[in-house]
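Hi everyone, thanks for coming. Please bring the structure up on your screens, and we'll walk through it together.

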Amino acid sequence: MSDSLCLPDRRQFMQYMGAAALGTVVSPGIGNAALARFQPGPAGGPGASSTSLKDVASQKGLLFGSATNATHLQEDKDYANLIAQQCAIITPANELKMRYLRPNPNAFKFDVGDWMLNWAQSHGMKMRGHALVYGEDAALPPWFNGYVNRNNAKDVMVKHISTVVRHYAGKLHSWDVVNEALQGADLRDTPWMKFVGPDYLEIAYRTAGEADPNATLVYNENNIEFAAQDNKRNGTLKILNGLLSKKAPIHALGIQSHLRWEMGGFEPGKMRKFLNQVSDLGLKIFITELDCHERDNDVKIDDRDRTVAQYYADYLGTVLENKNATVVQTWNLTDRYTWLSQQAPRRDGQAVRPLPFDQSLSPKPTFDAMVKAFEHAPSR
Ligand code: G3I
């Protein structure tokens, strides 16, 4: 991920919590009232909740879903049932990245993505595409470095986008066309930027739009919700305005929303202003990768869960005020499968608990916070 700021520590977390208590960082929003009623979810494992997030969300015109992986859906029946019960939309967390679709420069391998689409459709769910142009090493195929250069990068990118988008034309909810293009306010030094140049965004969106004129095309970015990230919000607006002024097809902003106290929390006023600027451009707003880092917060699980739930409540309470926000998606649904356990583990060795369902697939206070946030959201 870009913008990997300094690692969290307990001092930063406590500062955040102090500010939150004073109401200077996060708005109490719906959070306090809702949390007063929070009880840990019922024990009993898979399917223990009779409430489904997708149903509560849909009552307000919101689409709720989660990222997921094919292997987990195939090998863990309880987990697959939970996803089917709770979600109206899924996103392959990795399976549609270039690394997974392109065994070599001349070949495309759609079998896993196709299986996921078929699984989603057979359970009455939609699927999002993530992500066509992503400069992170882990998203690029092993052959990329050494094969792609200044002379062929544009052709490689265009061929990739047009083949993949055509393959799924008319079948997906939306596509993350470019993912994480920014470092602060400036375009990040990805291979695409280096070899194609700053026009790569416009070329990417035009190519996707030509391959499927009806596709909903998204720009997806991380860390734009944090109070201190004015630069990144400005950079995002510049990208969106740039695409629109050139009449390149762009329809929504994806705000990843990997919440992190140590990034300084978010400020509802700044967030509202930014979201209004985005919706004033006529764009939809999708929360695409919601979860919550919790490397160094409290030690007791009940306290940790309530704190994470509060953050979700405050955040969703603010974002969902904007009626152009139509999709809420978590980056997986259960602590059983979260990228954070590998990539941002707790320093005290306990398992991370960033998501609405715990490792035994029981709902947590975060689940209740999401239900309340959806119930309190205005209809759209
Ligand atoms: O599948 C292999 C496995 O065979 C091998 O033994 C293991 C050893 O490390 O690696 C496994 O692959 C890992 C893969 O996730 C599946 O778990 C890769 O190393 C690892 O790099 C990859 O990480 C993914 C990361 O993106 C990089 O593409 C995460 O699962 C995925 O959740 C994460 O998602 C990103 C979004 O695309 C963009 N926004 C941020 C988000 C979180 O980082």
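Let's begin in the largest nonpolar core, which has 101 residues. The members that touch the most other members are Trp-175, Val-178, Trp-192, Tyr-205, Tyr-219 and Phe-374. Which element gives the largest share of this core? That is helix 14, residues 301-319, with eight residues. One thing to keep in mind as you look around: this is a predicted model.

Now click on Tyr-205. If we set aside its neighbours within four places in sequence, Tyr-205 is in contact with Val-177, Val-178, Leu-217, Val-218, Tyr-219, Leu-243, Ala-248, Pro-249 and Ile-250. You may recognise Val-178 and Tyr-219 from the list of core residues a moment ago.

Let's zoom out for a minute. The protein has 380 residues, and 60% of them are buried. By way of elements, there are 16 helices and 11 strands. Then there is the question of how the chain meets itself. Take the contacts between residues at least 6 apart in sequence: 81% of them join residues at least 24 apart. As for the outside, the protein exposes about 14,700 Å², and carbon and sulfur atoms supply 48% of that.

Next stop, Val-133, which you will find in strand 3. Is Val-133 buried or exposed? Its relative accessibility is 2%, so Val-133 counts as buried; the cut-off for buried is under 20%. Beyond its neighbours within four places in sequence, Val-133 is in contact with Met-157, Ile-161, Val-177, Val-178, Asn-179, Trp-192, Tyr-200 and Ala-204. Notice that Val-177 and Val-178 are contacts of Tyr-205 and also of Val-133. Here is another pair to find on screen: Val-133 and Leu-201 are 68 residues apart along the chain, and their C-alpha atoms are separated by 8.8 Å.

Staying in strand 3, look at Ala-131. The peptide bond that joins His-130 and Ala-131 is cis, with omega about -5°.

His-130 brings us to the ligand. There are 15 residues around the ligand, and the ones that come nearest are Lys-97, His-130, Glu-180, Glu-289 and Trp-331. How far is a polar side-chain atom of His-130 from an oxygen atom of the ligand? The distance is 2.7 Å. Trp-331 also has a polar side-chain atom by a ligand oxygen, at 2.9 Å. With Glu-180, the ligand atom is a nitrogen, and an N or O atom of the Glu-180 side chain is 3.0 Å from it. On its own, the ligand has 790 Å² of accessible area, and the protein covers 53% of that. Which elements give two or more residues to the shell around the ligand? They are strand 3 (126-134) and helix 15 (339-343). Sorted by class, the shell has six nonpolar, six polar and three charged residues.

Let's visit some loops now. Thr-190 is in the loop between strand 6 (186-187) and helix 10 (191-196). Being in a loop doesn't tell you whether a residue is covered, so check the value: Thr-190 has 4% relative accessibility and counts as buried. Not counting residues up to four places away in sequence, Thr-190 touches Gly-135 and Tyr-200. Tyr-200 was among the contacts of Val-133 too.

Two other loop residues have a backbone angle to look at. Asn-332 is in the loop between strand 11 (325-330) and helix 15. Its phi is near 75°, a positive value in a residue other than glycine. At 5% relative accessibility, Asn-332 counts as buried. Leu-361 sits in the loop between helix 15 and helix 16 (365-376). Leu-361 is not a glycine either, and its phi is positive, about 70°. With a relative accessible area of 0%, Leu-361 is buried.

Our last residue, Asp-348, is also in the loop between helix 15 and helix 16. Here the relative accessible area is 38%, so Asp-348 is partly exposed. What does its side chain reach? The Asp-348 side chain makes a polar contact with the side chain of Arg-346, at 2.8 Å, and reaches the backbone nitrogen of Gln-350 at 2.9 Å. Finally, Asp-348 and Asp-296 are 52 residues apart in sequence, and 7.7 Å apart in space from C-alpha to C-alpha.

That's the tour, thanks for listening!

Notes: Residues numbered from 1 in each chain as written. Predicted model: local features only at pLDDT ≥ 70, side-chain atom pairs only at ≥ 80, totals over all residues. Heavy atoms only, no water. Near = heavy atom within 4 Å. Polar contact = N/O pair within 3.5 Å; in protein donor to acceptor, adjacent residues only side chain to side chain. Areas by Shrake-Rupley, 256 points an atom, 1.4 Å probe, with all protein chains shown as cover. Helix = DSSP H or I, 4+ residues; strand = E, 2+ residues; numbered from the N terminus. Nonpolar A, V, L, I, M, F, W, Y, C, P; charged D, E, K, R; others polar. Buried < 20%, exposed > 50% of the residue type's maximum accessible area, 1.4 Å probe, protein only. Contact = heavy atoms within 4.5 Å. Core = buried A, V, L, I, M, F, W, Y, C linked by side-chain atoms within 4.5 Å.
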